[in-house]
Amino acid sequence: MQDGFGRKIDYLRISVTDRCNFRCQYCMSEKMTFMPKSELLTLEEISLIAERFIGHGIRKIRLTGGEPLVRRDMKDVIQRLGRKVKSGALEELTLTTNGSLLDEYADHLAAHHVRRINVSMDSLDPARFSEITRGADIGKVLSGIEAAKAAGLQVKINMVALRNFNECDLLPMAEYCAREGHDLTVIETMPLGDTGEDRKLEHIEIDDFIAPLAAQYEISPIAHRSAGPARYAAVEPLGLRLGMITPLSRNFCDGCNRLRLTTDGKIFMCLGHSAHVDLRAAVRKDGIPAVDQLLQMALKLKPLRHDFNAQLHGSAEKLERHMNVTGG
Ligand code: SAM
């Protein structure tokens with residue numbers, strides 16, 4: 001598949017639920033309300049829609065949310081999509097999770113052809129972790145990561161950069177990741193949805209965020225690429241691969257290869273735009289073949305780039321959608 005700007009689209013992110021057992025301050029408001037369950041795509045719809053997307057050239061799928069592992073039939077979702085990897089129809093099935101339920105899921109993921117997962121963890125300090133997640137226990141996440149490692153899953157830690165909050169956590173996080181053999185990716189916050197916090201105050205550019213690490217270690221760019229928008233560097237002599245996702249300070253939309261399927265069955269072509277097509281409505285009315293036509297429409301509507309800077313500074317309309325609906 002190609003979009004209107006000639007970009008090859010072969011990557012789909014599916015948000016399987018908007019619910020989450022954490023309430024990260026930059027992601028949701030404290031009193032977040034979630035969709036009624038009837039709005040969510042069913043297991044059957046997810047697997048049929050995914051199959052159709054794969055038929056059109058999607059080679060990689062990432063499951064996300066909300067917290068994907070809180071979905072009740074998540075083991076079936078993993079099993080069904082894992083079969084696509086086994087048959088060779090899909091190159092890769094991955095997952096982004098907060099890690100808190102990995103004790104229960106690690107073996108199941110590994111058994112169904114998931115090889116790599118991303119775990120979000122913004123601090124190793126128990127008090128700061130609890131503060132940012134509004135009450136979660138870092139111990140559960142760390143033991144979940146252990147279980148994932150023991151099951152043979154490759155783990156990448158995602159850490160969102162928050163000004164005046166977790167700059168001091170980067171050094172211990174980098175050393176932990178190097179010790180445990182995990183990659184680490186740091187991410188600039190995006191102004192998605194109202195969280196009750198001032199987005200401008202929490203924003204910090206990645207170059208500033210990694211300054212304490214750069215003061216201690218040698219950080220040099222490397223050619224490594226993943227399916228996502230990160231650029232990579234080697235941190236030596238730590239032996240850490242560091243990914244940097246810079247939606248605000250360094251745009252990466254030229255290389256965008258993805259579409260997003262939301263919890264309620266909409267295709268969003270860009271995290272930073274509200275344009276979308278409603279697959280669920282069409283599928284429930286006309287059946288699965290409706291996907292083909294809407295997919296072509298989605299490709300034509302994919303915008304050239306996001307403009308989170310303008311949204312952050314108020315010169316473009318703010319996006320009301322929170323990250324947990326579209327999926328991170
Ligand atoms: N619950 C899972 C998790 O914690 O990874 C998956 C969903 S979560 C929305 C996916 C990723 O988006 C997490 O790494 C989270 O930190 C990140 N995220 C959420 N809101 C964000 C925002 N406004 N800007 C940047 N990253 C955000």
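Start by selecting Cys-27 and Cys-24: the sulfur of Cys-27 has its closest cysteine sulfur in Cys-24, at 6.2 Å, which is too far for a bond. A disulfide here means two cysteine sulfur atoms within 2.5 Å of each other. Before you move on, keep in mind that this is a predicted model, where local features need pLDDT of at least 70, side-chain atom pairs count only at pLDDT 80 or more, and totals for chains, interfaces and linings use all residues. Residues are numbered from 1 along each chain as its sequence is written, and side-chain values use heavy atoms, with hydrogens and water left out.

**The cysteines**

Stay with Cys-27 and colour by accessibility. Cys-27 counts as buried because its relative accessibility is 17%; buried means under 20% relative accessible area, exposed over 50%, and partly exposed in between, with a 1.4 Å probe and protein chains only. Now jump to Cys-177, which is buried too, at 0%. Its closest cysteine sulfur belongs to Cys-168, 15 Å away and so too far for a bond. How many disulfides does a search of the whole structure find? It finds zero.

**The ligand**

Next, select the ligand and show the residues around it, taking as near any residue with a heavy atom within 4 Å. You should have 18 residues, of which Tyr-26, Gly-66, Glu-67, Ser-120 and Met-190 come nearest. By class, the shell holds five nonpolar, 10 polar and three charged residues. In this scheme Ala, Val, Leu, Ile, Met, Phe, Trp, Tyr, Cys and Pro are nonpolar, Asp, Glu, Lys and Arg are charged, and the others, Gly among them, are polar.

Turn on distances for three side chains:

- Tyr-26: a side-chain N or O atom is 2.8 Å from an oxygen atom of the ligand.
- Glu-67: a polar side-chain atom is 3.0 Å from a nitrogen atom of the ligand.
- Ser-120: a polar side-chain atom is 2.5 Å from an oxygen atom of the ligand.

Add a surface to see the cover: the ligand taken alone exposes 540 Å², and the protein buries 95% of that. These areas come from the Shrake-Rupley method with a 1.4 Å probe. Which elements give two or more residues to the shell? They are β3 (92–97) and β5 (154–161). Helices (H or I, at least four residues) and strands (E, at least two) are DSSP runs, numbered from the N terminus.

**Helix α3 and the loop after it**

Select His-108 in helix α3, residues 102–111. His-108 is buried, at 15% relative accessibility. Beyond its neighbours within four places in sequence, His-108 touches Lys-75, Ile-78 and Gln-79, where contact means heavy atoms within 4.5 Å. Measure to Gln-79 and you get 8.3 Å, C-alpha to C-alpha, across 29 residues of sequence.

Then go to His-113, in the loop between α3 and β4 (116–120). His-113 is partly exposed at 22%.

**Backbone stops**

Most residues other than glycine have a negative phi, and most peptide bonds are trans. Phi of His-113, however, is positive, near 75°. Asn-164 has a positive phi as well, near 55°. Find Asn-164 in the loop between β5 and α6 (170–180), where it is exposed at 67%.

For the last stop, select Glu-236 and Pro-237, which are joined by a cis peptide bond with omega about 5°. Pro-237 sits in the loop between β8 (231–236) and β9 (240–245).

Note on methods. Polar contact = N/O pair within 3.5 Å; in protein donor to acceptor, adjacent residues only side chain to side chain.
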